[in-house]
Amino acid sequence: MRHHLFFFYVYEFPGASALMLCFSLTVIRILSLRERKEMDYLNYFLWILVSCAFFKMCSWITISSHANLPPGPVSLPIIGNLFQLGKKPHKSLTRLAEIYGPLMSLKLGSITAVVISSSTIAKEIFQKHDQSISSRIVLDAVKVCDHHNTSMIWLPVSPQWKNLRKLANSLIFAPQKLDSDQHLRQQKLNDLICHVRRSASSGSVVDIGQVAYTTALNLLSNTFFSVDLAGFSSDFDSTFEAAIRGVMTEVSKPNFSDYFPILKFLDLQGYRRRMKNHFVILHGIFDKIIDQKLLLSQSAETESSTSRDVLDMILDPCTDGIKLQRREIRAILMDFFSAGIDTASSTIEWAMAELIRNPSKMLKAQQELSNIIGKDRPIEEKNIIRLPYLQAIVKETLRLHPPAPLLVPHKAEIDFKFHDFVIPKGTQVLVNSWAISRDPNTWTEPTSFQPERFLASKIDYKGQDFEFIPFGSGRRICPGLPLAHRMVHSMLGSLLQSFDWKLENGLNPRDLDMEDEFGITLVKANRLQAIPVIRSSHTNLPPGPVSLPIIGNLFQLGEKPHQSLARLAEVYGPVMSLKLGSITTVVISSSTVAKELFQKHDQSISSRIVLDVITVGDHHKYSMVWLPVSSQWRHLRKLANSLLFTPQKLDSNQYLRQQKFNDLVSHVHGSASSGSVVDIGQVAFTTLLNLMSNSFFSIDLSDYSSDSGSTFKAAVRGVMSELGKPSLSDYFPIFRFLDLRGNRRRMKNHFGVLHEVFDRIIDQKLLVSQSKETKNSTSGDLLDVILDPCTANGIELQRHDIKALLLDLDMEEEFGLTLVKAKRLRVIPILKL
């Protein structure tokens, strides 16, 4: 009989569907699992009837929905567009707005919602219809203990709400009051710095979100109560913090009862039960503090005190004529602690994450703090106005990561017309501040972290610039904004002023996970863990990766420093500093910076870092490559420019070089005829060596056969090989005398071979130069010019000068510290027909 009744019921309600039946059976299954022993078959049947009645009502609501709503996606029966929200509604709604426009309607269960996704629409609705949307859609979880009936956040605009708002604006967050208890907040900032300094000293990781949360909680608790309610140590009683976090967690979760109010009494997901537990804990703590304050207020000392905290003023019946009941006081405290802590701490965590990913921006902020505040002076709240770049960082963080991405939901008080549409009474109005602050029509490169965009802009987050409303606008704008402004800037500035930051396990800053997790507050999906490093005295160096003790950034160079440095420059900018062992190094990676450096500071950077192997035989003291700019260097440079490499001189011995080109062609021709492989690098090396040796000496020093001239070639290659190898002595000069890797010993052997060859050639030239024929010759080679006192332009060189010059010009100019192929290029030439 009951089965027949059930099918009759479904049949009689044509709006029923398979979806209704599935839901009913699901509810039965859940209940049977939870209370199988207490439920009987009749209860199951009653649940089916309730479910069908509920879904029939939902279908009536859907069918009778207002016909002139803004456009939006087609909604499914019963659930509407709920499934289209996904796990990140702020992003899903942004994508839907690209299709349906910046004014869009959806059906969220049985709730009609209108979503605003552009600054133009937001400006119009807040300026022209602010009163019409001034109420709130009250979440089911906040109705516990009748909190919504006393809360400034959830109350409708009414005399009660106006009194609470007046109390907040004129008493709690008045500039004079905030100034008077700044010293309490300064103590909490000092506690933060001390905690981070201990972590820096031990090399420990800091959970930035957690320390920001603890600090924000204590900043608020000291402003309101003059006591700490949290601590950095694990043994501190965390009951209050856990309860506050619990409240925010329950409020942030999607609640079935909010979308289907008819089922609120069931509390299907248990939110009200858990929220009540949190409220009981918090009310107990607030009651204890209030009782202590009331007891102390009876003493003459407290009455005569001029430095009362916020709760003292709220409890004082003489204050501003506003008398609050205890439940209203608890509601005020609940509002500001639950909303204020999450907002401040998440903003700090996002700001630090963005700065760690953009070290050049972090350095710019640190330089501003050093220049204006100083490294060791505390940041006072009155100095925030003097820190424009720090303010720009906070603004840019709030733009990219607004703490409340959809603000707190508004509710239409009446039916009103808007943009040729009708917004029905009771409609939920969501303002997608996340989409508005990333609108490409408003912002250049909207997804990039660029604090500089705010330096020349007067845009602020106080509710009048509608392209940037992270705290809302109109009469429901966040009342705690004045305190949040002070807290966020002073906390962030304190974390930057004394510390550099690096990621654990050598993680590249660009690889930092920046995914968010949606809730009533937008938080990082993965907590930001970073290691603080106490800042050195060299505060004006360009940005760069944090260096390890002793070795600095050596391991970050890898086997191909040119590529590693290019990748690092993408993170730290075209002017970057590193620590290579004990050597501070600045790397230039853009043409613009290189142009400015060479054009404006060429003289300042004209010296050389002399490699340890070059000091063998005092080569660096005679070498034009390694000498600092001096009279000796100028003489050598003059000799090179005015005698050795003048166009006339190069033209006069061109025929010698032409012979070497002919030799190259003949060698390759022979390989082509026999089908032999040619080692391109080897034949190029041999040809260049002979081109140089003929220009200088009029002789060949190498041959294309593997044996001929191999001693000289091997020595030349050996010198360049030693120059190209990383030497421990170059990074730690204190160990040079040890020659730990034998570079100096091998270089000495190579230099000995080359010097012997040069000495023999010079001796031959000097012997030949005594003949009348050579003296009358007009086609002497470069060594003839150097050795001839009549043509050397008054520059007389010693033999060690000549050998150093030959080494420089014969090798470094042609073969310097070059980038070579890892694998030799071997090809078979083919004769052209």
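Contacts between residues far apart in sequence dominate this predicted model. Among the chain's contacts with a separation of 6 or more, 72% join residues 24 or more positions apart. The chain has 833 residues, and 50% of them are buried. Its secondary structure comprises 31 helices and 16 strands. The accessible surface of the chain comes to about 41000 Å². Carbon and sulfur atoms hold 56% of that surface.

Aromatic rings offer a way into the fold. Ring centres must lie within 6.5 Å to count as a pair. By this rule there are 21 aromatic pairs. Take Phe173 and Phe336. Their ring centres are 4.9 Å apart, and their planes stand at 85 degrees. Planes over 60 degrees apart count as edge-to-face, so the Phe173 and Phe336 pair is edge-to-face. This pair links distant parts of the chain, 163 residues apart. Phe173 sits in the loop between helix H6 (159-172) and helix H7 (175-180). Phe336 belongs to helix H15, which runs over residues 326-357. Buried means under 20% relative accessible area. Phe173 has 5% relative accessibility, so Phe173 counts as buried. Phe336 has 8%, so Phe336 counts as buried too.

Now move along the chain to Phe712 and Phe758. Here the ring centres are 6.1 Å apart and the planes meet at 75 degrees, so this pair is edge-to-face. Again the pair links distant parts of the chain, with the two positions 46 residues apart. Phe712 lies in helix H26 (residues 710-724), and Phe758 lies in helix H28 (residues 743-768). Phe712 is buried, with a relative accessible area of 5%. Phe758 is buried at 1%.

Return to Phe173 and Phe336, for they belong to a cluster. Ring pairs link Phe173, Phe224, Phe225, Phe240, Phe286, Phe336 and Phe337.

Helix H15 holds another residue to look at, Ser345. Its relative accessibility is 6%, so Ser345 counts as buried. A polar atom of the Ser345 side chain lies 3.4 Å from the backbone oxygen of Asp342. What does Ser345 touch, not counting residues up to four places away in sequence? The answer is Gly209, Ala212 and Tyr213.

Tyr213 leads on to a charged neighbour. Arg245 lies over the face of Tyr213, at 3.7 Å from the ring centre. A second arrangement of this kind involves a tryptophan. Arg399 lies over the face of Trp443, at 5.2 Å from the ring centre.

One helix remains, H24. Helix H24 covers residues 654-674, 21 residues in total. From its first C-alpha to its last, H24 reaches 31 Å. That is close to the 30 Å expected at 1.5 Å a residue. Which residues in H24 are buried? They include Leu656, Arg657 and Lys660. Ser671 and Ala672 are also buried. The cover over the buried residues of H24 includes helix H23 (647-652) and helix H25 (680-696). Strand S15 (678-679) is part of that cover as well. Just after H24 comes Gly675. The phi of Gly675 is positive, near 70 degrees.

How values were computed. Residues numbered from 1 in each chain as written. Predicted model: local features only at pLDDT ≥ 70, side-chain atom pairs only at ≥ 80, totals over all residues. Heavy atoms only, no water. Phe/Tyr/Trp six-rings, centres within 6.5 Å; stacked < 30°, edge-to-face > 60°. Helix = DSSP H or I, 4+ residues; strand = E, 2+ residues; numbered from the N terminus. Buried < 20%, exposed > 50% of the residue type's maximum accessible area, 1.4 Å probe, protein only. Lys NZ or Arg CZ within 6 Å of the ring centre and 35° of its normal. Expected span 1.5 Å × (residues − 1). Contact = heavy atoms within 4.5 Å. Polar contact = N/O pair within 3.5 Å; in protein donor to acceptor, adjacent residues only side chain to side chain. Areas by Shrake-Rupley, 256 points an atom, 1.4 Å probe, with all protein chains shown as cover.
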